[in-house]
Amino acid sequence: MAKNQIISVYFNGYEIGKVGYDENQRKSSFQYNPEFLKENKYKNLFPYILRRVENVQVFSEFEGETYRRLPPMIADSLPDMFGNIVFKEWLEANHQEFSAITPLEQLSYVGNRGMGALEFVPNKKLPLNTTINVEQITEVVKKVIDLKTSISEKGLSDKALLTIFKIGTSAGGARPKIVVSEHKETGKLIPGDLEYSDDFNHYLVKLSVDENQGYSKEKIEFIYYQLAIDVGIEMMPSKLIDNKHFATLRYDRIEGVKQHILTASGMTGWDFKKPENSSYENLFKLAVDLKLPHKDIQQLFKRMVFNLVFANIDDHLKNFSFIYDDNQDKWNLAPAYDLTYPLDALLNFTKVSRALSINSKRTGITRNDILGIADSFTIKNANGIIDEVVAKTQSFEELAIKNAIPSKVIEKIKSEFRFFRTQ
(Lines give C-alpha, C1' and ligand atoms only; values in the text may rest on other atoms or scores of the structure.)
Protein backbone atom coordinates (compact mmCIF):
# COMPACT_ATOMS: atom_id res chain seq x y z
CA MET A 1 0.00 0.00 0.00
CA ALA A 2 1.00 3.60 -0.35
CA LYS A 3 3.22 5.22 2.22
CA ASN A 4 1.52 8.61 1.84
CA GLN A 5 -2.02 9.38 0.72
CA ILE A 6 -3.84 12.69 0.40
CA ILE A 7 -7.44 13.68 -0.31
CA SER A 8 -9.23 17.01 -0.35
CA VAL A 9 -12.19 17.87 1.89
CA TYR A 10 -14.98 20.06 0.50
CA PHE A 11 -17.94 21.82 2.09
CA ASN A 12 -20.48 23.99 0.23
CA GLY A 13 -18.20 24.07 -2.80
CA TYR A 14 -15.16 25.23 -0.81
CA GLU A 15 -12.02 23.17 -0.50
CA ILE A 16 -11.66 23.27 3.28
CA GLY A 17 -8.31 21.52 3.35
CA LYS A 18 -6.46 18.27 2.78
CA VAL A 19 -6.28 15.10 4.84
CA GLY A 20 -3.15 13.00 4.64
CA TYR A 21 -2.40 9.50 5.85
CA ASP A 22 1.06 8.00 6.33
CA GLU A 23 0.55 4.27 6.46
CA ASN A 24 4.08 3.43 7.58
CA GLN A 25 3.91 5.73 10.60
CA ARG A 26 0.15 5.22 11.01
CA LYS A 27 -0.42 8.93 11.38
CA SER A 28 -2.89 11.26 9.75
CA SER A 29 -2.63 14.96 9.05
CA PHE A 30 -4.88 17.85 8.20
CA GLN A 31 -3.96 21.14 6.57
CA TYR A 32 -6.41 23.94 5.99
CA ASN A 33 -6.54 25.49 2.56
CA PRO A 34 -4.99 28.99 3.09
CA GLU A 35 -7.52 30.50 0.68
CA PHE A 36 -10.36 29.09 2.75
CA LEU A 37 -8.89 30.57 5.93
CA LYS A 38 -8.57 33.96 4.24
CA GLU A 39 -12.29 33.88 3.42
CA ASN A 40 -12.93 33.71 7.20
CA LYS A 41 -16.10 31.70 6.57
CA TYR A 42 -17.56 28.82 8.56
CA LYS A 43 -15.29 29.51 11.53
CA ASN A 44 -17.14 26.98 13.70
CA LEU A 45 -17.27 24.22 11.10
CA PHE A 46 -14.88 22.13 13.21
CA PRO A 47 -15.11 23.69 16.68
CA TYR A 48 -12.71 21.32 18.45
CA ILE A 49 -9.37 19.58 17.90
CA LEU A 50 -8.46 21.32 14.61
CA ARG A 51 -6.79 24.73 15.01
CA ARG A 52 -7.54 27.29 12.31
CA VAL A 53 -3.91 27.68 11.22
CA GLU A 54 -2.12 27.12 7.93
CA ASN A 55 0.37 24.65 9.44
CA VAL A 56 0.00 20.91 8.98
CA GLN A 57 -1.61 19.30 12.04
CA VAL A 58 -0.59 15.69 12.74
CA PHE A 59 -2.66 13.09 14.61
CA SER A 60 -1.69 9.67 15.92
CA GLU A 61 -3.77 9.44 19.08
CA PHE A 62 -7.16 8.60 17.57
CA GLU A 63 -6.78 4.86 17.32
CA GLY A 64 -9.19 1.99 16.96
CA GLU A 65 -12.13 1.24 14.69
CA THR A 66 -13.97 4.47 15.50
CA TYR A 67 -11.38 6.87 14.08
CA ARG A 68 -8.78 4.72 12.31
CA ARG A 69 -6.24 7.45 13.25
CA LEU A 70 -8.09 10.14 11.29
CA PRO A 71 -9.11 13.45 12.86
CA PRO A 72 -12.46 12.61 14.52
CA MET A 73 -14.52 15.13 12.56
CA ILE A 74 -13.29 13.51 9.33
CA ALA A 75 -13.65 9.95 10.64
CA ASP A 76 -17.31 10.74 11.33
CA SER A 77 -17.85 10.43 7.58
CA LEU A 78 -16.52 6.88 7.39
CA PRO A 79 -19.30 4.39 6.62
CA ASP A 80 -20.08 1.87 9.34
CA MET A 81 -19.48 -0.88 6.82
CA PHE A 82 -19.27 -1.31 3.07
CA GLY A 83 -22.73 -2.33 2.07
CA ASN A 84 -22.09 -2.09 -1.65
CA ILE A 85 -21.94 -5.34 -3.55
CA VAL A 86 -19.94 -3.85 -6.40
CA PHE A 87 -17.27 -2.58 -4.03
CA LYS A 88 -17.07 -5.93 -2.25
CA GLU A 89 -16.63 -7.70 -5.58
CA TRP A 90 -13.84 -5.28 -6.49
CA LEU A 91 -12.08 -6.01 -3.20
CA GLU A 92 -12.38 -9.76 -3.74
CA ALA A 93 -11.14 -9.50 -7.32
CA ASN A 94 -8.05 -7.68 -6.03
CA HIS A 95 -7.57 -10.15 -3.17
CA GLN A 96 -7.99 -7.45 -0.55
CA GLU A 97 -9.69 -7.63 2.81
CA PHE A 98 -11.56 -4.75 4.41
CA SER A 99 -8.88 -4.47 7.09
CA ALA A 100 -6.28 -3.76 4.37
CA ILE A 101 -8.19 -0.79 3.01
CA THR A 102 -6.89 2.50 4.35
CA PRO A 103 -9.29 5.08 5.79
CA LEU A 104 -8.57 7.49 2.94
CA GLU A 105 -9.46 4.80 0.43
CA GLN A 106 -12.76 4.47 2.24
CA LEU A 107 -13.31 8.23 2.06
CA SER A 108 -12.34 8.27 -1.63
CA TYR A 109 -15.04 5.69 -2.18
CA VAL A 110 -17.57 7.75 -0.19
CA GLY A 111 -16.72 10.80 -2.33
CA ASN A 112 -19.72 13.16 -2.49
CA ARG A 113 -22.24 10.42 -1.68
CA GLY A 114 -21.80 10.14 2.07
CA MET A 115 -23.99 11.13 4.98
CA GLY A 116 -23.78 14.77 6.04
CA ALA A 117 -22.29 17.54 3.89
CA LEU A 118 -18.55 16.88 3.72
CA GLU A 119 -17.25 15.65 0.37
CA PHE A 120 -13.95 13.94 -0.41
CA VAL A 121 -11.90 14.11 -3.60
CA PRO A 122 -8.61 12.27 -4.23
CA ASN A 123 -5.74 14.72 -4.61
CA LYS A 124 -4.78 15.07 -8.28
CA LYS A 125 -1.12 15.46 -7.32
CA LEU A 126 -0.95 11.95 -5.89
CA PRO A 127 2.15 10.13 -7.26
CA LEU A 128 1.38 7.77 -10.12
CA ASN A 129 3.12 4.86 -8.39
CA THR A 130 0.90 5.04 -5.32
CA THR A 131 -1.17 1.98 -4.58
CA ILE A 132 -4.15 3.99 -3.38
CA ASN A 133 -5.19 3.36 -6.99
CA VAL A 134 -7.19 6.48 -7.64
CA GLU A 135 -8.07 5.12 -11.06
CA GLN A 136 -9.43 1.90 -9.60
CA ILE A 137 -11.37 3.71 -6.89
CA THR A 138 -12.80 6.03 -9.56
CA GLU A 139 -13.76 3.02 -11.65
CA VAL A 140 -15.47 1.40 -8.68
CA VAL A 141 -17.45 4.56 -7.97
CA LYS A 142 -18.39 4.79 -11.65
CA LYS A 143 -19.56 1.17 -11.66
CA VAL A 144 -21.57 1.77 -8.50
CA ILE A 145 -23.22 4.89 -9.89
CA ASP A 146 -23.86 3.28 -13.29
CA LEU A 147 -25.51 0.33 -11.56
CA LYS A 148 -27.49 2.48 -9.18
CA THR A 149 -28.76 4.83 -11.87
CA SER A 150 -30.06 1.79 -13.74
CA ILE A 151 -32.16 0.81 -10.74
CA SER A 152 -35.43 2.56 -10.03
CA GLU A 153 -38.77 1.47 -8.69
CA LYS A 154 -42.19 3.03 -8.33
CA GLY A 155 -43.25 3.93 -4.81
CA LEU A 156 -42.07 3.00 -1.34
CA SER A 157 -42.83 -0.70 -1.08
CA ASP A 158 -41.27 -3.90 0.19
CA LYS A 159 -40.35 -5.02 -3.33
CA ALA A 160 -38.87 -1.66 -4.30
CA LEU A 161 -36.79 -1.34 -1.14
CA LEU A 162 -35.37 -4.85 -1.41
CA THR A 163 -34.49 -4.28 -5.07
CA ILE A 164 -32.40 -1.26 -4.08
CA PHE A 165 -30.96 -3.13 -1.09
CA LYS A 166 -29.59 -5.78 -3.44
CA ILE A 167 -27.26 -3.24 -5.08
CA GLY A 168 -26.11 -1.88 -1.75
CA THR A 169 -25.77 1.42 0.02
CA SER A 170 -23.34 3.56 1.98
CA ALA A 171 -25.35 3.24 5.18
CA GLY A 172 -24.53 0.38 7.50
CA GLY A 173 -24.51 -0.95 11.01
CA ALA A 174 -25.75 -3.89 13.01
CA ARG A 175 -29.11 -3.81 11.24
CA PRO A 176 -29.40 -3.51 7.45
CA LYS A 177 -30.10 0.04 6.31
CA ILE A 178 -30.48 1.76 3.00
CA VAL A 179 -30.84 5.36 1.95
CA VAL A 180 -33.48 5.99 -0.71
CA SER A 181 -34.91 9.02 -2.47
CA GLU A 182 -38.58 9.15 -3.47
CA HIS A 183 -39.67 11.64 -6.11
CA LYS A 184 -42.38 13.80 -4.57
CA GLU A 185 -44.58 13.85 -7.69
CA THR A 186 -43.93 10.63 -9.58
CA GLY A 187 -43.16 8.33 -6.63
CA LYS A 188 -40.03 7.11 -8.44
CA LEU A 189 -37.65 5.50 -5.98
CA ILE A 190 -33.88 5.59 -6.51
CA PRO A 191 -30.79 4.89 -4.36
CA GLY A 192 -30.55 7.77 -1.91
CA ASP A 193 -26.86 8.53 -2.18
CA LEU A 194 -27.24 9.74 -5.78
CA GLU A 195 -29.71 12.56 -5.30
CA TYR A 196 -30.36 15.28 -2.74
CA SER A 197 -32.53 17.81 -4.56
CA ASP A 198 -35.80 19.14 -3.14
CA ASP A 199 -37.70 17.17 -5.79
CA PHE A 200 -37.27 14.10 -3.59
CA ASN A 201 -38.10 12.91 -0.10
CA HIS A 202 -34.91 11.46 1.34
CA TYR A 203 -35.30 8.47 3.66
CA LEU A 204 -33.07 6.29 5.76
CA VAL A 205 -34.78 2.90 5.92
CA LYS A 206 -34.07 0.11 8.40
CA LEU A 207 -35.04 -3.07 6.63
CA SER A 208 -36.90 -5.98 8.13
CA VAL A 209 -35.19 -8.82 6.29
CA ASP A 210 -35.08 -11.61 8.90
CA GLU A 211 -38.42 -13.38 8.92
CA ASN A 212 -37.26 -15.81 11.62
CA GLN A 213 -36.22 -13.40 14.36
CA GLY A 214 -39.47 -13.86 16.31
CA TYR A 215 -40.63 -10.26 16.23
CA SER A 216 -40.07 -7.04 14.29
CA LYS A 217 -37.38 -4.79 15.76
CA GLU A 218 -38.39 -2.23 13.15
CA LYS A 219 -41.92 -2.14 14.57
CA ILE A 220 -40.49 -1.68 18.07
CA GLU A 221 -38.52 1.31 16.84
CA PHE A 222 -41.67 2.74 15.23
CA ILE A 223 -43.52 2.34 18.55
CA TYR A 224 -40.69 4.12 20.38
CA TYR A 225 -40.81 6.87 17.75
CA GLN A 226 -44.51 7.40 18.45
CA LEU A 227 -43.94 7.47 22.20
CA ALA A 228 -41.06 9.94 21.85
CA ILE A 229 -43.06 12.28 19.61
CA ASP A 230 -45.92 12.18 22.10
CA VAL A 231 -43.70 13.49 24.91
CA GLY A 232 -42.27 16.27 22.75
CA ILE A 233 -38.99 14.78 21.59
CA GLU A 234 -37.98 16.26 18.24
CA MET A 235 -37.55 13.62 15.54
CA MET A 236 -37.82 13.55 11.78
CA PRO A 237 -41.18 12.28 10.45
CA SER A 238 -41.07 8.47 10.32
CA LYS A 239 -43.33 5.64 9.24
CA LEU A 240 -43.57 1.91 8.56
CA ILE A 241 -43.41 0.82 4.94
CA ASP A 242 -45.54 -2.22 4.14
CA ASN A 243 -46.02 -2.59 7.87
CA LYS A 244 -42.44 -3.87 8.29
CA HIS A 245 -39.63 -1.45 7.28
CA PHE A 246 -38.88 1.58 9.48
CA ALA A 247 -38.37 4.71 7.38
CA THR A 248 -37.33 8.12 8.67
CA LEU A 249 -36.73 11.30 6.72
CA ARG A 250 -33.05 12.28 6.78
CA TYR A 251 -32.12 15.43 8.69
CA ASP A 252 -28.88 15.78 6.70
CA ARG A 253 -30.93 16.51 3.57
CA ILE A 254 -33.26 19.47 4.09
CA GLU A 255 -35.04 21.23 1.20
CA GLY A 256 -32.49 19.98 -1.28
CA VAL A 257 -29.47 21.13 0.74
CA LYS A 258 -26.84 18.93 2.37
CA GLN A 259 -26.55 19.59 6.10
CA HIS A 260 -23.23 19.38 7.96
CA ILE A 261 -23.62 16.97 10.86
CA LEU A 262 -21.19 15.87 13.55
CA THR A 263 -21.83 13.31 16.23
CA ALA A 264 -20.69 14.05 19.77
CA SER A 265 -17.98 11.46 19.22
CA GLY A 266 -16.83 12.97 15.93
CA MET A 267 -16.85 16.51 17.25
CA THR A 268 -14.79 15.88 20.38
CA GLY A 269 -12.62 12.80 19.86
CA TRP A 270 -14.44 10.96 22.65
CA ASP A 271 -14.51 7.39 21.39
CA PHE A 272 -18.09 6.18 21.79
CA LYS A 273 -16.84 2.63 22.40
CA LYS A 274 -14.79 3.62 25.44
CA PRO A 275 -16.22 4.47 28.86
CA GLU A 276 -13.79 7.23 29.90
CA ASN A 277 -15.70 10.18 28.46
CA SER A 278 -19.06 8.46 27.93
CA SER A 279 -21.28 10.33 30.35
CA TYR A 280 -24.38 12.47 30.12
CA GLU A 281 -22.55 15.13 32.11
CA ASN A 282 -19.99 15.44 29.31
CA LEU A 283 -22.75 15.53 26.70
CA PHE A 284 -24.47 18.41 28.50
CA LYS A 285 -21.17 20.26 28.99
CA LEU A 286 -20.53 19.93 25.25
CA ALA A 287 -23.99 21.32 24.46
CA VAL A 288 -23.38 24.29 26.75
CA ASP A 289 -19.90 24.89 25.33
CA LEU A 290 -21.35 24.92 21.82
CA LYS A 291 -23.70 27.67 23.03
CA LEU A 292 -26.78 25.71 22.08
CA PRO A 293 -30.03 27.53 22.84
CA HIS A 294 -31.55 26.54 26.17
CA LYS A 295 -34.48 24.85 24.45
CA ASP A 296 -31.93 22.37 23.05
CA ILE A 297 -30.57 21.75 26.55
CA GLN A 298 -34.14 21.06 27.72
CA GLN A 299 -34.62 18.76 24.73
CA LEU A 300 -31.41 16.90 25.54
CA PHE A 301 -32.63 16.36 29.09
CA LYS A 302 -35.93 14.94 27.85
CA ARG A 303 -34.09 12.53 25.54
CA MET A 304 -31.91 11.39 28.42
CA VAL A 305 -34.98 10.73 30.57
CA PHE A 306 -36.68 8.86 27.71
CA ASN A 307 -33.64 6.61 27.26
CA LEU A 308 -33.56 5.89 30.98
CA VAL A 309 -37.28 5.20 31.35
CA PHE A 310 -37.68 3.14 28.16
CA ALA A 311 -34.46 1.10 28.61
CA ASN A 312 -32.64 2.39 25.55
CA ILE A 313 -29.17 1.51 26.80
CA ASP A 314 -27.58 2.08 23.38
CA ASP A 315 -27.39 5.81 24.16
CA HIS A 316 -23.77 6.23 23.10
CA LEU A 317 -21.96 9.34 21.88
CA LYS A 318 -22.57 8.62 18.19
CA ASN A 319 -26.30 8.51 18.84
CA PHE A 320 -26.35 12.23 19.66
CA SER A 321 -25.60 14.62 16.83
CA PHE A 322 -25.37 18.34 16.17
CA ILE A 323 -26.37 20.17 13.01
CA TYR A 324 -24.46 23.16 11.67
CA ASP A 325 -26.20 26.39 10.68
CA ASP A 326 -23.82 27.72 8.03
CA ASN A 327 -25.67 31.03 7.73
CA GLN A 328 -25.20 31.88 11.39
CA ASP A 329 -22.00 29.84 11.89
CA LYS A 330 -23.41 28.06 14.92
CA TRP A 331 -24.53 24.62 16.05
CA ASN A 332 -27.89 23.24 17.15
CA LEU A 333 -29.02 19.89 18.48
CA ALA A 334 -29.96 17.57 15.64
CA PRO A 335 -33.26 15.65 15.77
CA ALA A 336 -33.22 12.47 17.86
CA TYR A 337 -32.67 9.09 16.21
CA ASP A 338 -32.09 5.43 17.12
CA LEU A 339 -34.55 5.59 20.01
CA THR A 340 -35.56 1.98 20.57
CA TYR A 341 -35.21 -1.07 22.77
CA PRO A 342 -31.83 -2.20 21.45
CA LEU A 343 -31.53 -5.75 22.82
CA ASP A 344 -33.15 -8.92 21.51
CA ALA A 345 -36.15 -9.28 23.79
CA LEU A 346 -36.23 -13.05 23.19
CA LEU A 347 -32.73 -13.58 24.61
CA ASN A 348 -31.54 -13.39 28.19
CA PHE A 349 -28.76 -10.90 28.85
CA THR A 350 -26.74 -10.43 32.02
CA LYS A 351 -24.54 -7.54 33.08
CA VAL A 352 -25.56 -5.26 30.23
CA SER A 353 -25.28 -1.60 31.17
CA ARG A 354 -26.00 1.59 29.29
CA ALA A 355 -23.42 3.40 27.21
CA LEU A 356 -23.63 6.79 28.98
CA SER A 357 -23.25 7.12 32.72
CA ILE A 358 -24.98 9.52 35.11
CA ASN A 359 -23.28 10.49 38.34
CA SER A 360 -20.65 7.81 37.50
CA LYS A 361 -23.40 5.14 37.34
CA ARG A 362 -24.55 2.97 34.46
CA THR A 363 -26.89 0.88 36.59
CA GLY A 364 -28.90 1.72 39.68
CA ILE A 365 -29.56 5.28 38.50
CA THR A 366 -32.08 7.14 40.68
CA ARG A 367 -34.35 10.14 40.28
CA ASN A 368 -31.93 12.10 42.44
CA ASP A 369 -29.11 11.33 39.98
CA ILE A 370 -31.27 12.71 37.17
CA LEU A 371 -32.18 15.78 39.19
CA GLY A 372 -28.49 16.37 39.86
CA ILE A 373 -28.01 16.93 36.12
CA ALA A 374 -31.11 19.12 36.06
CA ASP A 375 -29.65 21.32 38.82
CA SER A 376 -26.26 21.55 37.11
CA PHE A 377 -27.72 22.64 33.78
CA THR A 378 -30.71 24.72 34.88
CA ILE A 379 -33.40 22.41 33.56
CA LYS A 380 -36.89 23.78 34.07
CA ASN A 381 -39.60 21.51 35.56
CA ALA A 382 -37.30 18.49 35.70
CA ASN A 383 -39.65 16.47 37.91
CA GLY A 384 -42.53 17.24 35.57
CA ILE A 385 -40.51 15.99 32.57
CA ILE A 386 -39.65 12.74 34.37
CA ASP A 387 -43.30 12.21 35.35
CA GLU A 388 -44.52 12.95 31.82
CA VAL A 389 -42.15 10.40 30.26
CA VAL A 390 -42.91 7.77 32.92
CA ALA A 391 -46.65 8.20 32.33
CA LYS A 392 -46.14 7.46 28.63
CA THR A 393 -45.04 3.90 29.49
CA GLN A 394 -48.75 3.11 29.85
CA SER A 395 -49.15 3.57 26.09
CA PHE A 396 -46.47 1.05 25.12
CA GLU A 397 -48.53 -2.13 25.48
CA GLU A 398 -51.48 -0.72 23.52
CA LEU A 399 -49.21 0.31 20.63
CA ALA A 400 -47.34 -2.99 20.76
CA ILE A 401 -50.54 -5.04 20.57
CA LYS A 402 -51.73 -2.85 17.69
CA ASN A 403 -48.48 -3.68 15.87
CA ALA A 404 -48.81 -7.45 16.53
CA ILE A 405 -45.79 -7.67 18.83
CA PRO A 406 -45.78 -11.06 20.65
CA SER A 407 -46.92 -10.88 24.26
CA LYS A 408 -43.66 -12.43 25.49
CA VAL A 409 -41.72 -9.58 23.87
CA ILE A 410 -44.09 -6.97 25.27
CA GLU A 411 -43.69 -8.29 28.80
CA LYS A 412 -39.92 -8.52 28.52
CA ILE A 413 -39.54 -4.93 27.30
CA LYS A 414 -42.03 -3.63 29.88
CA SER A 415 -40.04 -5.34 32.63
CA GLU A 416 -37.04 -3.19 31.70
CA PHE A 417 -38.86 0.14 32.07
CA ARG A 418 -37.75 2.35 34.97
CA PHE A 419 -40.20 4.61 36.79
CA PHE A 420 -37.89 6.69 39.02
CA ARG A 421 -40.36 7.10 41.81
CA THR A 422 -39.77 9.84 44.34
CA GLN A 423 -37.72 8.55 47.23
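**Figure 1. The largest cavity and the residues around it.** In this predicted model, the largest cavity has a volume of about 70 Å³. Take a walk around its wall and you will meet Arg303, Asn307, Asn312, Asp314, Asp315, Asn319, Phe320, Ala336, Tyr337, Asp338 and Leu339. Sorted by class, this lining comprises 4 nonpolar, 3 polar and 4 charged residues. The count of cavities of 30 Å³ or more comes to 2. As background for this view, rolling a probe the size of a water molecule over the atoms shows where empty space is left.

**Figure 2. The second largest pocket.** Here we turn to a pocket with a volume of about 420 Å³, the second largest in the model. Its lining is made up of 19 residues. Which of them lie nearest the centre? They are Ile313, Val352, Thr363, Glu416 and Arg418. By class, the lining of this second largest pocket breaks down into 9 nonpolar, 4 polar and 6 charged residues.

**Figure 3. A cluster of aromatic rings, with two charged neighbours.** The structure holds 21 aromatic pairs. One of them joins Tyr32 and Phe36, which are stacked, with 6.1 Å from centre to centre and 15 degrees between the planes. Both Tyr32 and Phe36 are buried. These two rings belong to a cluster that ring pairs build from Phe11, Tyr14, Phe30, Tyr32, Phe36, Tyr42, Phe46, Tyr324 and Trp331. Look also for two positions where a charged side chain meets a ring of this group. Arg52 lies over the face of Tyr32, 5.7 Å from the ring centre. At Tyr42, the charged end of Lys41 sits over the ring, 5.0 Å from its centre.

**Figure 4. The aromatic pair of Tyr224 and Phe310.** Why is this pair called edge-to-face? The ring centres of Tyr224 and Phe310 are 5.7 Å apart and the planes meet at 70 degrees, so the pair falls in the edge-to-face class. The pair ties together distant parts of the chain, 86 residues apart: Tyr224 belongs to helix H8 (residues 217-230), while Phe310 sits in the loop between helix H11 (294-309) and strand S15 (321-325). Tyr224 counts as buried because its relative accessibility is 0%. Phe310 is buried too, with a relative accessible area of 0%.

**Figure 5. Strand S7 and its two strand partners.** Strand S7 (residues 177-183) has 7 of its 7 residues buried, so it is largely enclosed by the rest of the structure. In a regular strand the side chains alternate between the two faces of the sheet. To follow this in S7, find Lys177, Val179, Ser181 and His183 pointing one way and Ile178, Val180 and Glu182 pointing the other, all of them buried. One partner is strand S9 (residues 200-206), which runs antiparallel to S7 and is joined to it by 7 bridges. In this pairing, Ile178 stands opposite Val205 of S9. The other pairing shown is with strand S8 (residues 188-191), again in the antiparallel sense, over 3 bridges. There, Ser181 faces Ile190 of S8 as its opposite residue. S7 and S8 make a hairpin with 4 residues between them, and Gly187 in the turn has a positive phi of about 80 degrees.

**Figure 6. Helix H5 and the glycine that follows.** Helix H5 (residues 103-110) has 8 of its 8 residues buried, so it is largely enclosed by the rest of the structure. Those buried residues are Pro103, Leu104, Glu105, Gln106, Leu107, Ser108, Tyr109 and Val110. After H5 comes Gly111, with a positive phi near 55 degrees.

**Figure 7. Two positive phi angles outside glycine.** Ala311 is not a glycine, yet it has a positive phi of about 60 degrees. Ala311 lies in the loop between H11 and S15. Is Ala311 buried or exposed? Ala311 is buried, with a relative accessible area of 8%. Asn381, also not a glycine, has a positive phi of about 50 degrees. You will find Asn381 in the loop between helix H12 (367-376) and helix H13 (382-391). Asn381 is exposed, with a relative accessible area of 57%.

**Figure 8. Lys302 and Ile379.** Lys302 has its place in helix H11. With a relative accessibility of 15%, Lys302 counts as buried. Lys302 and Ile379 are 77 residues apart in sequence, while their C-alpha atoms are 9.7 Å apart in space.

Conventions. Residues numbered from 1 in each chain as written. Heavy atoms only, no water. 1 Å grid on protein atoms, 1.4 Å probe; cavity = no way out; pocket = protein on both sides within 12 Å on 5 of 7 lines; lining within 4 Å. Points joined across faces, edges and corners; volume = space filled by probe spheres on them. Nonpolar A, V, L, I, M, F, W, Y, C, P; charged D, E, K, R; others polar. Phe/Tyr/Trp six-rings, centres within 6.5 Å; stacked < 30°, edge-to-face > 60°. Buried < 20%, exposed > 50% of the residue type's maximum accessible area, 1.4 Å probe, protein only. Lys NZ or Arg CZ within 6 Å of the ring centre and 35° of its normal. Pairing = 2+ DSSP bridges.
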